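Student: Could you walk me through this structure, one question at a time?
Tutor: Gladly, let us have it in view first.

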Amino acid sequence: MTGAKMDELMIVAISRAAQLAYVEEAHAAFAYLSAADRFFRYHASTDKTATLGEELERLGDFAVIDGSFSIHLASGPVGPSGSGSLFIKRLSLIDAALRLSSGTGEGPILVEPNVGGAACVLSRGGKRLPVPKA
Amino acid sequence: MTAMASVLIVDDEELSRIAVRKLLSRLFPDTLVAGEAENGRVAVALALSLRPDIVLMDIRIPAMNGIDAAVAILDALPSTRIVVVSAYDSFGFAQRAINIGVSGYLLKPVSEADFAAVFGKALAEVQARIGVAQEQAVAPGPTAPAGKRDAIERAIASLSLRELGLERLADVLDMNPQHLSRLFKELFGIRFVEYSTGLRIDAAKAALTDQDITVEELCRRLGWTDSAHFTKVFKERTGLTPKAYARQIGGNGP
């Protein structure tokens with residue numbers, strides 16, 4: 001089976017599991033599986049770019065799935081309200097988070113979209129880290 | 001509203017049909033599930049016989065895919081609202097769905113929040129149309145202006161400012177645009193374009209009080225294509241440019 005087919009099968013399986021959780025009124029399971037569904041769809045997409053807002057939303061889903069780190073948004077030149085119109089390389093934040101999660105990367109991660117400025121900081125173990133100076 | 005909106009559920013997976021029925025019973029208990037279909041051909045046949053107000057349509061279904069089934073249903077029943085409920089989020093599917101005029105696109109697994117927003121919008125359009133039809137049936141002509149005015153206001157409330165226009169409103173109300181234009185002037189005392197401009201300016205003023213927003217973003221949200229024209233109209237109505245208005249009220253606007 002090709003990687004794309006496997007991705008599709010996994011997404012369909014997670015989607016069905018989430019629907020089953022909803023039907024059975026397992027609300028926490030539905031929320032978890034919905035986060036997994038959104039994350040794997042995003043990860044399987046072939047798009048090259050995403051808005052910072054999309055990437056942050058899926059990063060939030062990854063934090064739900066992984067459970068080993070937390071996300072703190074820094075207020076700066078790019079706040080959450082501006083994240084919908086900034087384009088970044090898709091998965092750049094998430095790949096960094098995956099490295100942090102697996103212990104092969106170092107935090108904090110400073111996201112610098114093309115307008116400049118700190119937008120997001122990740123840390124392991126739920127510890128809030130100071131926002132680096134832009 | 002006195003008539004109950006009817007719904008046709010089209011999905012080849014029983015689990016998905018059960019999930020949709022559960023969403024309807026929890027969030028929209030006043031709707032009636034008129035029927036269910038497991039494939040596209042049965043969906044079209046059932047739609048033609050049941051004449052549902054809203055069809056919740058999966059895309060990848062046997063016999064005839066959901067897009068083709070939706071086209072067939074809309075050709076025969078143009079006032080029916082189609083909401084796509086699919087596990088596939090490809091741009092191609094979404095683009096085709098938009099092009100044929102579906103009312104909304106929901107991705108499985110569907111959250112209650114998303115279902116409430118998308119199905120609720122389609123339902124509001126149906127309710128507005130039913131309201132006008134009932135008014136016309138009970139009291140044809142301009143003998144029941146309050147009811148017609150209420151129905152038009154409900155239809156306007158069901159649309160976002162970005163999509164609000166005479167043609168779209170006429171579509172929601174299942175009326176001829178020219179007839180609606182005359183009726184609107186008769187009931188409201190002003191032309192529709194003046195009324196909708198007033199709504200947009202009010203929304204712009206509200207956005208400028210508490211949001212960090214540019215004129216371009218404001219125009220995009222309000223469905224205004226020309227920011228220079230927006231600034232001119234805003235000034236005509238308020239005596240200030242958007243920037244000056246934001247400064248005067250102490251907001252952080254453009």
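**Strand β4 of chain B and its surroundings**

Tutor: All six of the six residues of strand β4 (residues 81-86) of chain B are buried, so this strand is largely enclosed by the rest of the structure. Buried means that 20 or more other C-beta atoms, placed from the backbone, lie within 10 Å of a residue's own, while 12 or fewer means exposed and anything in between partly exposed. Helices (H or I, at least four residues) and strands (E, at least two) are DSSP runs numbered from the N terminus. This is a predicted model, in which local features need pLDDT of at least 70 and side-chain atom pairs count only at pLDDT 80 or more, whereas totals for chains, interfaces and linings use all residues. Residues are numbered from 1 along each chain as its sequence is written, and chains are lettered from A and ligands numbered from 1 in the order in which they are written.

Student: Which residue in β4(B) is the bridge partner of B:Leu56?
Tutor: Strand β3 (residues 54-57) of chain B pairs with β4(B) in the parallel sense over four bridges; pairing requires at least two bridges found by DSSP. In β4(B), the partner of B:Leu56 is B:Val83.

Student: And which residue in β5(B) stands opposite B:Val85?
Tutor: β4(B) also runs parallel to strand β5 (residues 104-107) of chain B, joined to it by four bridges. Opposite B:Val85 in β5(B) is B:Leu106.

Student: Through which helix does the chain cross from β4(B) to β5(B)?
Tutor: This β-α-β crossover is right-handed: with the strands pointing away from the viewer, the path from the first strand over the helix to the second runs clockwise. The helix on the way is α4 (residues 91-100) of chain B.

Student: Which helix gives the most to the largest nonpolar core?
Tutor: A nonpolar core is a set of buried Ala, Val, Leu, Ile, Met, Phe, Trp, Tyr and Cys residues joined through C-beta atoms within 7 Å. The largest has 59 residues, and B:Val10 and B:Val83 are among those touching the most other members. With six residues, the helix giving the most to this core is α2 (residues 27-44) of chain A.

Student: How many residues of chain A are in contact with chain B?
Tutor: Two residues are in contact if their C-beta atoms, placed from the backbone, lie within 7 Å. Eleven residues of chain B take part, and the number in chain A is 13.
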